[in-house]
Amino acid sequence: MAKAKITCKCEICGGTFEHVRTCANSSDAASYEEWAAEHVTVCPSCYAAAKKAEAKAKLDAYIAAEFGTEHPLPKITGVSEKQISYAEALRDEFISRDLAGCRVKLARFFAVEDKVRLENMSEEWHAAAEKRAESEGLSVEAWFTKNRPAIVARTSKITIVDVVKKLELIVTESNASKLIDALG
């Protein structure tokens, strides 16, 4: 085992940094040092910042395309800037991981979510809901409220009901505390 160790200059910030790699032998290490001198041109800090900015731009593009002007995300309010920042970070993480990462079709979700209302249901559906509510000892309204996320999930083809609950929350809730409780 041999270590390739090279001091490089970052082309973004201009700072110097040390790049180290373990190689099989000294000739591999020398060869790697030559290659790294030409190709390792960005320091770890600048690389991480660029990746973070790229992820933020991708998230912003997803939010603009999927939520649009019809379903804008509410501005988060809270008791402190730290609480608001934390709630925004949790919301962004949920959107990146659970929505964009799983390619959830939000247009389909919003269309279904707008239609799945108790007052929009057919008489047949109402009768079936009354039977189910009665069997659970609930009013139709209470039963519908309890089961609406599952109905929206099934109809909009989102496989996880919890994602629907969180999605409904992030498009309606501006309170940082409630968002942190739900997403944290």
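# Exercises on helix packing and residue environments

Lys-58 is exposed, with a relative accessibility of 65%. This residue belongs to helix H2, which covers residues 44-66. The model is predicted.

## Exercise 1. Confidence

Task: state the average pLDDT of the protein, and find which elements have the lowest and the highest mean pLDDT.

Solution.
- Start with the whole protein. The average pLDDT is 91.
- Check the coverage. 100% of the residues score at least 70.
- Go to the elements. Helix H4 (residues 106-115) has the lowest mean, 86.
- Helix H8 (residues 176-183) has the highest, 95.

## Exercise 2. Two separations

Task: for the pairs Lys-58 with Ala-100 and Gly-14 with Glu-54, give the separation in sequence and in space.

Solution.
- Take Lys-58 and Ala-100. They lie 42 residues apart in sequence. Their C-alpha atoms are 9.4 Å apart.
- Take Gly-14 and Glu-54. Their sequence separation is 40 residues. C-alpha to C-alpha, the distance is 21 Å.
- Place Gly-14. It sits in the loop between strand S1 (2-9) and strand S2 (16-23).
- Classify Gly-14. Its relative accessibility is 35%, so it counts as partly exposed.

## Exercise 3. H3 against H7

Task: describe how H3 and H7 pack, starting from the angle and the distance between their axes.

Solution.
- Read the geometry. H3 (residues 81-100) and H7 (residues 161-172) pack at about 140 degrees, and their axes are 11 Å apart.
- Name the class. At that angle H3 is oblique to H7. Roughly antiparallel would need an angle over 145 degrees.
- Give the hand. The H3 and H7 crossing is left-handed.
- List the contacts. H3 supplies Arg-91, Phe-94, Ile-95 and Leu-99, which meet Val-163, Lys-166, Leu-167 and Ile-170 of H7.
- Sort these residues. In the contact of H3 with H7, six are nonpolar, none is polar and two are charged.

## Exercise 4. H6 against H7

Task: how are H6 and H7 oriented to each other, and which residues of the two helices meet?

Solution.
- Read the geometry. The H6 and H7 axes come within 8 Å and cross at roughly 105 degrees.
- Apply the cut-off. Angles of 65 to 115 degrees count as roughly perpendicular. H6 and H7 are therefore roughly perpendicular to each other.
- List the contacts. From H6 come Arg-148, Pro-149, Ala-150, Val-152 and Ala-153. From H7 come Val-161, Val-164, Lys-165 and Glu-168.
- Sort these residues. The contact of H6 with H7 has six nonpolar, no polar and three charged residues.
- Look at the link. Lys-157 is in the loop between H6 (140-156) and H7. Its phi is near 65 degrees, a positive value in a residue other than glycine.
- Classify Lys-157. Its relative accessibility is 63%, so it counts as exposed.

## Exercise 5. H4 against H6

Task: characterise the crossing of H4 and H6 by angle, distance and hand.

Solution.
- Read the geometry. The axes of H4 and H6 cross at roughly 135 degrees and come within 9 Å.
- Name the class. H4 is thus oblique to H6.
- Give the hand. H4 passes H6 in a right-handed crossing.
- List the contacts. Arg-108, Phe-109, Val-112 and Glu-113 in H4 meet Arg-148, Val-152, Thr-155 and Ser-156 in H6.
- Sort these residues. Three are nonpolar, two polar and three charged in the contact of H4 with H6.

## Exercise 6. Two residues at the helix contacts

Task: is Glu-168 buried or exposed, and is Ala-153 buried or exposed? Then list what each touches.

Solution.
- Place Glu-168. It is in helix H7.
- Apply the cut-off. Buried means under 20% relative accessible area. Glu-168 has 14%, so it is buried.
- List its contacts. Beyond residues up to four places away in sequence, Glu-168 touches Phe-109, Glu-113, Arg-148, Pro-149 and Val-152.
- Tie these to the helices. Phe-109 and Glu-113 are in H4, Arg-148 and Val-152 in H6.
- Place Ala-153. It is in helix H6.
- Classify it. Ala-153 has 2% relative accessibility and counts as buried.
- List its contacts. Leaving aside neighbours within four places in sequence, Ala-153 is in contact with Ile-158, Val-161 and Val-164.
- Add one distance. Ala-153 and Phe-109 are 44 residues apart along the chain, and their C-alpha atoms are separated by 7.9 Å.

Note on methods. Residues are numbered from 1 along each chain as its sequence is written. This is a predicted model: local features need pLDDT of at least 70, side-chain atom pairs count only at pLDDT 80 or more; totals for chains, interfaces and linings use all residues. Side-chain values use heavy atoms; hydrogens and water are left out. Axes are lines fitted to C-alpha atoms, for helices over the stretch in contact, and angles run from 0 to 180 degrees between N-to-C directions. Helices (H or I, at least four residues) and strands (E, at least two) are DSSP runs, numbered from the N terminus. Angles under 35 degrees count as roughly parallel, over 145 as roughly antiparallel, 65 to 115 as roughly perpendicular and the rest as oblique. A crossing is left-handed if the near helix is turned anticlockwise from the far one by less than a right angle, and right-handed if clockwise. Contact means heavy atoms within 4.5 Å. Ala, Val, Leu, Ile, Met, Phe, Trp, Tyr, Cys and Pro count as nonpolar, Asp, Glu, Lys and Arg as charged, and the others, Gly among them, as polar. Buried means under 20% relative accessible area, exposed over 50%, partly exposed in between (1.4 Å probe, protein chains only). pLDDT is the predictor's confidence in each residue, from 0 to 100.
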